[in-house]
Amino acid sequence: MKPNSGTLVINIMNGGKAEAYEGVYQCTARNERGAAISNNIVIRPSRSPLWTKERLEPNQVREGDSLVLHCRPPVGLPPPIIFWMDNAFQRLPQSERVSQGLNGDLYFSNVQPEDTREDYICYARFNHTQTIQQKQPISVKVFSMDSLNDTIAANLSDTDIYGAKPVTERQPVLLTPTGSTSTKVELRGSVLLLECIAAGLPTPAIHWIKEGGELPDNRTFFENFKKTLKIIDVSEADSGNYKCIARNILGSAHHVISVTVKAAPYWITAPRNLVLSPGEDGTLICRANGNPKPNISWLANGVPIAIAPEDPSRKVDGDTIIFSHVQERSSAVYQCNASNEYGYLLANAFVNVLAEPPRILTPANKLYQVIADSPALLDCAYFGSPKPEIEWFKGVKGSILRGNEYIFHDNGTLEIPVAQKDSAGTYTCVARNELGKIQNEVQLEVKDPTMIIKQPEYKVIQRYGQVSFECIIKYDSTLLPTVIWLKDNDELPDDERFLVGKDNLTIMNVTDKDDGTYTCIVNTTLDSVSASAVLTVVAAPPTPAIIYARPNPPFDLELTGQLERSVELSWVPGDDNNSPITTFVIEYEDGLHEPGVWHYQTEVPGTQTTVQLKLSPYVNYSFRVIAVNEIGRSQPSEPSEQYLTKSAKPDENPSNVQGIGSEPDNLVITWESLTGFQSNGPGLQYKVSWRQKDVDDEWTSVIVANVSKYIVSGTPTFAPYEVKVQALNDLGYAPEPSEVIGHSGEDLPMVAPGNVQVHVVNSTLAKVHWDPVPLKTVRGHLQGYKVYYWKVQSLSRRSRRHVEKKILTFRGNKTFGMLPGLEPYSSYKLNVRVVNGKGEGPASPDKVFKTPEGVPSSPSFLKITNPTLDSLTLEWGSPTHPNGVLTSYILKFQPINNTHELGPLVEIRIPANESTLILKNLNYSTRYKFYFNAQTSVGSGSQITEEAVTIMDEAGVLRPAVGAGKAMASRQVDIATQGWFIGLMCAVALLILILLIVCFIRRNKGGKYPVKEKEDAHADPEIQPMKEDDGTFGEYSDAEDHKPLKKGSRTPSDRTVKKEDSDDSLVDYGEGVNGQFNEDGSFIGQYSGKKEKEPAEGNESSEAPSPVNAMNSFV
């Protein structure tokens, strides 16, 4: 035995006999963990014995008789190879009449005079010993009928003259095998050889069939002039009766060979090594099949398990060993032996009970580099017993990685499906089991992708010109790119005319051969990009110009050499019109199934005018030919004569076979039917077969017409089925089809998810967990889970409303989901249902949960009324969505001076149960801006803003407009009683009257006053009459701080101010002039309403607070 090795060397070169080492050997390897054994190794010496000497009588045979020359070689090891030769060492010719049998004998179906010779020699070649043994020559003499008559007349009596009859033909008689039947046993996976050799005159022909079946395609071969049937890789399906038929013109003879295929044991499940930690359970499975069924026996460390040392954790159950609560002493090597009369299998399996702390096999600080937006795989190869649990962290103090953006593989690898720039950094892998913990860090770098920012473009260049292709790239600065140029996907020609620059390719002195596709390829160590462009080289216009055109169509199509599956087509090309024909395209029409439709058949080079075409059975062919040159395609030729091929069995089976149930108790089998072209013959039908998978069930089959669906009723719900569909026609079946797996119909799931738990994340988001339902109760393809949830009531209002259920669907076998968009401080209910292809299962019990308080929405409105010299009254509505228990309101306000500057901010906290407030001690004739919002215990909600103005004096005649555009508070003295002001107002009124008359005249003449044009576009509240319903002043409001108000606003009837704007008032700018002008200088008052009103009660005025109205009050 070799040192440090288990190899045993037997050397007889220096003496010794091989016979001394003949026997059965087995190797055993042993250590403290156990013993493994090898298969039996049989050593037998080769033998090449000599032929025994024997006296061979000459063979005298009359012409036409059969003859067998026996070889009977000596028994050698391994068996010799037999062949027949003559004295000149030339192989004797063999034919259907003369051939060598499997046993080495030479058979003559009938002898002829030319068979006479004295040197028929049988040779036996022993390859292992490289020797050839020779049998003594055999003499054969064939008597012709003329010579035989003379001999018989001289030597035999008159009663024996029967041999002198002329040569007569005889019907076949089998020389081997003898009798009418025989049997043969062959092993699975080997080669089956069946032989039939017959005598007869004329020489019989041999034909083979399998009774009740067909010879297997692709595995059947005929040898020795069809006298030997050879089937390779035989299986149990090849068992049966095989009949050989010998036939000539006088009759036939047959012999039936009953073949039984047995099988040495072969593995179904070989035992595999098992690594367990102390206290764990495990199983060793050893399953084999064979014919007959093999016996399973177990050994432990090479000793039959029945007499091996007892192990309380081990239990043998037929082909399985069950281990329970193993200990370290349970480690051993187990052998499984599966044997029958034809052989045995032996496999070793090491059961290693191991207690090992975790080890990480990936090198520390390994660097991974990937391109952005591509996957990143970070390895963490580990070992330990019990199997360690793996966790990943990012950064030194990062939290454990979870979520859909990561994929965790069983081998410890962390996958980032789409790595981004922020994915770069240090990742820590932690492996832990009950014996310890270990960690390892790896680095990830994410690089920018390489891009071609300017690609080469299509170019057309004249011959002998110069052309350049650009390829400008952008890449990560840490990567080193290489740029390669290709022409037609091959290297650039080795030509100095091709100049490759940093970001371009230039071709000098372009020729016709430079025509093609040029590709720029940019490679880095991490990615590769490419871009292509076509270069077309054209010639300068010739003088005179040559006219190029498409070729004329071919003509004189002719079909010759018609066979079942092929025909030869020839044609005469038409004129090429100055552009050589490059290709001929052959098309065909199936006049039997698709008349008038032409299909592509093949194409040949333009120099070829004949083609051998492959045909399909049962097709009425017509052919036509199309010529192609660089200009284009010709018109099709006239069709050839029609050729109808013979019918045959289908060559193929239907495609896209599926089995999908439409009801819980059926299986709908569908397929794509064969076309008429594929049918190969009339009477196309389908054999539909099915059987339930994983159940010891036979195939059920039915023959259906040329349809594409069959429904199987009475199936169990959602059971897997093996399905196959085979085509057949009047001539037979297509090849055996492949099987597909389908399922019978689904039914609604049976049970609801259990253990539904809700975790409220915040006031608008909750996370729901549930336990998955058992797959067998789904009764269909699991599509996911649906969560139904609805708001029961708001905890702040205690008022119920119409229940609007919301549904969220979570695909796959997920066990949790997020519920967004919840309303704060509300009570909700939810349930979970499992979904399959049929629908939803029952709902889980309703789960109640509540959301915490949130910040409230803004107050529903803010109105400012009853302005006085030093006070304003505020009214407001509670928030539409309080989102909790209101604790207070916060009011902030500040004055606005004439230059739009804001004064100091005052803040007031108001109890939550209040809805009005009177602000006192304010400045008279001053604009204030108010900010108002509500609060809960969580915080403040969004605020609403308004503006208002205190009045000028107690008389209340002129009150500033609230919400009147950009008007600002003005502290003016009361000049309405001054005589000069009254006179001035009269003059202004007169001027307005004149302007009105002028406008009226211009309007009647077709002109349009600019002011009126603007007012038509949007009416301004500054020049509108006071509202007739309540006569109150409007209020100035702004929904956002310092946002200009829109023009054209009116004060709503509820006294709230809309978020709009109007023109500026001259009161803010003038020196006591209570009027207002447009941009063109015209007085707006001329268009304001002047209808007199009755005085209103209280402090309310009967007219809008425009300057004109103020003037009218003075007049």
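Let's start with a small open sheet of three strands, ordered E23-E28-E27 and paired in the antiparallel sense. The strand labels come from DSSP runs numbered from the N terminus, with at least two residues for a strand (E) and at least four for a helix (H or I). Two strands count as paired if DSSP finds at least two bridges between them. At the edges are strand E23 (282–285) and strand E27 (314–317), each of which pairs on one side only. From one strand to the next the twist averages 20 degrees, where axes are lines fitted to C-alpha atoms (for helices, over the stretch in contact) and angles run from 0 to 180 degrees between N-to-C directions. E23 and strand E28 (residues 320–323) are held in their antiparallel pairing by four bridges, and one pairing to look for is Ile-285 with its bridge partner Thr-320 in E28.

A word on what you're looking at: this is a predicted model, where local features need pLDDT of at least 70, side-chain atom pairs count only at pLDDT 80 or more, and totals for chains, interfaces and linings use all residues. Residues are numbered from 1 along each chain as its sequence is written, and side-chain values use heavy atoms, with hydrogens and water left out.

Now move on to another open sheet of three strands, with the order E65-E66-E69 and antiparallel pairing. Strand E65 (754–762) and strand E69 (816–819) stand at its edges with a single partner strand each, so one side of each has no neighbour in the sheet. The twist here averages 20 degrees from one strand to the next. Strand E66 (residues 765–771) runs antiparallel to E69, and four bridges join them. Lys-767 stands opposite Met-818 in E69. The charged end of Lys-767 also sits over the ring of Phe-816, 4.8 Å from its centre. To count as sitting over a ring, NZ of Lys or CZ of Arg must be within 6 Å of the ring centre and within 35 degrees of the ring normal. Elsewhere, Lys-226 has its charged end over the ring of Phe-222, 5.5 Å from the centre.

Next, the charged pairs. A search of the whole structure turns up 36 salt bridges, each being a side-chain nitrogen of Lys or Arg within 4 Å of a carboxyl oxygen of Asp or Glu. In one of them, the side chains of Arg-170 and Asp-65 meet at 3.7 Å, N to O. This pair links distant parts of the chain, 105 residues apart: Arg-170 is in strand E13 (residues 170–176), while Asp-65 is in the loop between strand E5 (59–62) and strand E6 (67–69). Arg-170 is partly exposed, at 28% relative accessibility; the scale calls a residue buried under 20% relative accessible area, exposed over 50%, and partly exposed in between (1.4 Å probe, protein chains only).

Another salt bridge joins Asp-512 and Arg-463, at 2.9 Å, N to O. Asp-512 sits in the loop between strand E47 (504–507) and strand E48 (516–523), and Arg-463 in the loop between strand E41 (459–462) and strand E42 (467–470), so the pair ties together parts 49 residues apart in sequence. Asp-512 is partly exposed at 42%, and Arg-463 is partly exposed at 31%.

E42 and E47 are worth a look themselves: they run antiparallel, joined by four bridges. Ser-468 stands opposite Thr-506 in E47. Which residues of E42 are buried? Val-467 and Phe-469 are, pointing to one face, while Ser-468 and Glu-470 point to the other and are not buried.

Aromatic rings pair up too, with 22 aromatic pairs found in the whole structure. Rings of Phe, Tyr and Trp (its six-membered ring) pair if their centres lie within 6.5 Å; planes under 30 degrees apart are stacked, over 60 edge-to-face and the rest tilted. Phe-893 and Tyr-928 are edge-to-face, 6.2 Å centre to centre with 65 degrees between the planes. Phe-893 is buried at 8% relative accessibility, and Tyr-928 is buried at 4%. Ring pairs also link Tyr-588, Tyr-621, Phe-623 and Phe-677 into a cluster.

Finish at helix H4 (residues 979–1004), whose buried residues are Phe-981, Met-985, Ile-992 and Cys-999.
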